[in-house]
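Me: I like to know what stands behind each label before I trust it. Could we go through this structure together and set the values against their cut-offs?

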2 protein chains.
Amino acid sequence: MTLTSKLTPKLTPKGAATRSRIVEAAADLMFVRGVAGTTLEHVRDEAGVSSSQVYHYFADKDALVRAVIDYQNDAVVGAQEDVFARLDSVAALRAWRDEVIAHQDRMNCMGGCPIGALGSQLGELDYDARRGVAQGFHRWQAAILHGFRSMQENGTLPATVDTESLATAMLASLQGGLLLCQLHRSTDPLRAAMDTMIDHVAYLAVSSPPTR
Amino acid sequence: MTLTSKLTPKLTPKGAATRSRIVEAAADLMFVRGVAGTTLEHVRDEAGVSSSQVYHYFADKDALVRAVIDYQNDAVVGAQEDVFARLDSVAALRAWRDEVIAHQDRMNCMGGCPIGALGSQLGELDYDARRGVAQGFHRWQAAILHGFRSMQENGTLPATVDTESLATAMLASLQGGLLLCQLHRSTDPLRAAMDTMIDHVAYLAVSSPPTR
DNA sequence: GTAAAAATGGATCAGCAACTCCAGAAAGGA
DNA sequence: TCCTTTCTGGAGTTGCTGATCCATTTTTAC
């Protein structure tokens, strides 16, 4: 349950739909033009609502930004949480890497990670925003961790491996790789980052094979 | 040699000092408040110059931003280029990791990487800015690569290792780790990211020991 | 020493974007 | 049905911020 749902106690179905349209429009625009580069006028036009609508559903721009963070957390992490849970083998990790790279290819390496971009832009400006993004990253790390734990349970990874650190390192590699991918307009650095990290997982898996 | 030096052909020593003061003030402010959150009025006051000074040395805000990118490239990468070149052992890598973490500790995990933050904020908004940041990252990657090549030459790493990819992966890990460090206000994720990557280098060094 | 070029100060402009207001339409609840 | 609440429309306002202008002082070059 998000914080914003508490702040708008009474919402008719129609109102909820309008609110969603505003958040989605804002999320799309902020992904392309950045938070500061996105005016509420843009959001208004893109969502097809009037000026007052935005302020009917959100106290100010900051409140809208926080709703966008919640939205992206669900869209990016939530939608892939079950996918991460099934990352229980090195082969599955490599398939996931291929999907991530293919997606960036389709995007022409533009935009990077929606959550990471929001965090980088708002980290020092908006306390709540920073917390929201951190929460999304924690959720993301937990999802990856779940996969690594599965690899321990099925004997792929030895129990001695620090899966917490490994999951954090994997997420960091992904984020850094996405940033380099965006700025170099090439998937090569993303591939290098993910491949190297997956190679390390494979090393951990091989170096201490299951003893059953 | 930076591009900006070509655009301001005649600069008195006094003028160059004033220009530098403006760029440094802008860099500091943009690191803390972000690019969009930094007004030229802030820069003017912080640098102790009048409004017209800024426009005397820079065509517009975008030009100042590009100068800030050049400045940060030199400050962050340039200043540590020789340090990177001496990273020719696993122990040296671990010492470097300690320094990075100690620095983030001193900063209270605020701000992240100055170059990464600029890239994330400007990546999709300013073509020249994106290219400038990418150039800085390339320089950074090359510096790390230099260290890995040294490790090959002194026999620490086998010649078969793809040092290009390894250097890129190390930089990505660092960037992602810094982002998580900033957003979580903790050096733990940064440590996890760097440790895991250095462990991998150590694995590559050990798995195929020098055959001399 | 003098003229040209560069540097400085500060007032001011103009546009934009966040935010407000109020009136009216639609929906919900009894 | 009728009354309350929610939703919508769009004009309007205010403050900020990037940018301009011109006069004045300082420095450089010969």
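Me: What makes up the surface near DNA strand D, by class?
Reply: Happily. This is a predicted model, and in it the surface near DNA strand D has 12 polar, 6 charged and 5 nonpolar residues. Gly is counted among the polar residues, so Gly15(A), one of the closest residues to DNA strand D, falls in that class. Lys counts as charged, and Lys10(A) is also one of the closest.

Me: How do you know which residues surround DNA strand D?
Reply: A residue qualifies if its C-beta atom, placed from the backbone, lies within 6 Å of the strand. There are 23 residues around DNA strand D, and the closest come from both chains: Lys10(A), Gly15(A), Ser52(A), Leu40(B) and Asp60(B).

Me: Which helix gives the most to that surface near DNA strand D?
Reply: Helix 4 of chain A does, with 4 residues. Other helices that each supply at least two residues include helix 2 (13-33) of chain A and helix 3 (40-47) of chain B.

Me: And what is found around DNA strand C?
Reply: DNA strand C has 23 residues around it, with Lys10(B), Gly15(B), Thr18(B), Ser50(B) and Ser52(B) coming nearest. Here the largest share, 4 residues, comes from helix 4 of chain B. By class, the surface near DNA strand C has 5 nonpolar, 12 polar and 6 charged residues.

Me: Why is the relation between chain A and chain B called a two-fold axis?
Reply: Superposing chain A on chain B takes a rotation of 180 degrees with 0.0 Å of shift along the axis, at an RMSD of 0.0 Å. That is the relation of a two-fold axis. The same surface serves both copies, as 100% of the contact residues of chain A recur in chain B.

Me: How many residues does the contact take from each chain?
Reply: It takes 43 residues from chain A and 43 residues from chain B. On the chain A side, helix 10 gives the most, with 16 residues. That side has 20 nonpolar, 19 polar and 4 charged residues.

Me: Why is Gln175(B) called buried?
Reply: Gln175(B) has 31 C-beta neighbours inside 10 Å. The label needs 20 or more, so Gln175(B) counts as buried. This residue is found in helix 10 of chain B. Its contacts reach across to the other chain: leaving aside residues up to four places away in sequence, Gln175(B) touches Gly176(A) and Leu179(A) as well as Cys113(B) and Gly116(B).

Me: Then why is Ser150(A) called partly exposed?
Reply: Ser150(A) has 19 other C-beta atoms within 10 Å. Buried needs 20 or more, and exposed needs 12 or fewer, so Ser150(A) is partly exposed. Ser150(A) lies in helix 9 of chain A. From C-alpha to C-alpha, Ser150(A) and Ala63(A) are 38 Å apart in space, and they are 87 residues apart in sequence.

Me: What makes helix 8 of chain A mostly covered?
Reply: In helix 8 of chain A, 9 of its 9 residues are buried. Among them are Pro114(A), Gly116(A), Leu118(A) and Gln121(A). The buried residues of helix 8 pack against helix 2, helix 5 (61-77), helix 9 and helix 10 of chain A, together with helix 8 (114-122) and helix 10 (163-184) of chain B.

Me: How do you know that the span of helix 5 of chain B is close to the one expected?
Reply: Helix 5 of chain B has 17 residues. The expected span is 1.5 Å times one less than the number of residues. For helix 5 of chain B that gives 24 Å, and the helix reaches 24 Å from its first C-alpha to its last. Its buried residues include Leu64(B), Val68(B) and Gln72(B).

Me: What makes Ala26(A) stand out in the largest nonpolar core?
Reply: The largest nonpolar core has 119 residues, and Ala26(A) is one of those that touch the most other members, along with Val68(A), Leu171(A), Ala26(B), Val68(B) and Ile144(B). Not counting residues up to four places away in sequence, Ala26(A) touches Thr38(A), Val43(A), Leu64(A) and Val68(A). Thr is not in the set of core residue types, so Thr38(A) is a contact of Ala26(A) but not a core member.

How values were computed. Residues numbered from 1 in each chain as written. Chains lettered and ligands numbered in written order. Predicted model: local features only at pLDDT ≥ 70, side-chain atom pairs only at ≥ 80, totals over all residues. Least-squares fit on C-alpha atoms with pLDDT ≥ 70 in both. Contact = placed C-beta atoms within 7 Å. Core = buried A, V, L, I, M, F, W, Y, C linked by C-beta atoms within 7 Å.
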